[in-house]
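Please open the structure in a viewer and keep the sequence panel at hand. The stops below are meant to be selected one after another.

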Amino acid sequence: MAIAKDSVVQFHYTLKDEDGSVIESSYGNDPMAYLHGHGNIIPGLEEEMIGKEAGAEFIATVPPEKAYGKRDETAMQRIPVKHLQGAKKWKKGMIAHVETDQGPRQVTVIKVGKFMVEVDANHPFSGKTLTFEVKVEEVRDATAEELQHGHA
């Protein structure tokens, strides 16, 4: 069965940056599962999945425009330290979670003061070309419930 809209796909991946350094990998854990055609993974990877079948192995190189977007240099903000979630003590480079009007958001700590912290609200992978080494494990039709919820 080939991957198409409304397929549930399970796959393993290794994600590398422009330098070929491994950023993350699903190996050693359960494969990632998603409902195809519903925007549940980055657009560039979803496009590369179309037509693949279980057992397929391929490399997908995804530009920023089809991944996490270009960097927005206006996304630097100063916020109270108390709004950061995820650690007790903050240092430059750490990833924090912040509740916003648009829901939870990941931010990268740039500079820490006593009461205020400077953060970068860009996704950590924004502006990067990403390379995925993918192995499709399973492809099946989505259930009515999965279609109703919009995810696997």
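**A guided tour of the chain**

Begin with the hairpin that joins strand 6 to strand 7 through two residues. The model on display is a predicted one, and this hairpin is the first stop. Select residues 95-100 for strand 6 and residues 103-112 for strand 7. The two strands, 6 and 7, run antiparallel and are joined by six bridges. For one of these pairings, select His97, whose bridge partner in strand 7 is Gln106.

Next, keep strand 7 selected and add residues 116-120, which form strand 8. How many bridges join strand 7 to strand 8? There are four, and these two strands also run antiparallel. To view a pairing here, select Thr108, which has Asp120 in strand 8 as its bridge partner.

Now add residues 76-80, which make up strand 5. With strand 5 included, the selection shows an open sheet of four strands in the order 5-8-7-6, with antiparallel pairing. Which strands form the edges of the sheet? They are strand 5 and strand 6, each of which pairs on one side only. Turning the view along the sheet, the reader may follow a twist that averages 50 degrees from one strand to the next.

The following stop is Glu18, located in the loop between strand 1 (7-16) and strand 2 (22-25). Is Glu18 buried or partly exposed? Glu18 counts as partly exposed because its relative accessible area is 48%, a value between the 20% limit for buried and the 50% limit for exposed. Setting aside residues up to four places away in sequence, Glu18 touches Gly127, Lys128 and Thr129. Select His83 as well: the C-alpha atoms of Glu18 and His83 are 32 Å apart in space, and the two residues are 65 apart in sequence.

Finally, clear the selection and view the whole chain. Its secondary structure consists of two helices and nine strands, and from the N terminus the elements follow the order β-β-β-α-β-β-β-β-β-β-α. The C-alpha trace spans about 55 × 40 × 30 Å along its principal axes. Of the 152 residues, 36% count as buried. The accessible surface comes to about 9200 Å², and carbon and sulfur atoms account for 49% of it. Among contacts between residues at least 6 apart in sequence, 62% join residues at least 24 apart. Colouring by charge completes the tour: the chain has 18 positive and 24 negative charges, and their mean positions are 13 Å apart.

Terms used: Residues are numbered from 1 along each chain as its sequence is written. This is a predicted model: local features need pLDDT of at least 70, side-chain atom pairs count only at pLDDT 80 or more; totals for chains, interfaces and linings use all residues. Side-chain values use heavy atoms; hydrogens and water are left out. Two strands pair if DSSP finds at least two bridges between them. Axes are lines fitted to C-alpha atoms, for helices over the stretch in contact, and angles run from 0 to 180 degrees between N-to-C directions. Buried means under 20% relative accessible area, exposed over 50%, partly exposed in between (1.4 Å probe, protein chains only). Contact means heavy atoms within 4.5 Å. Accessible areas come from the Shrake-Rupley method with a 1.4 Å probe; for residues, only the protein chains shown count as cover. Lys and Arg count as positive and Asp and Glu as negative; His and the chain ends are not counted. The place of a charge is taken as NZ of Lys, CZ of Arg, CG of Asp or CD of Glu.
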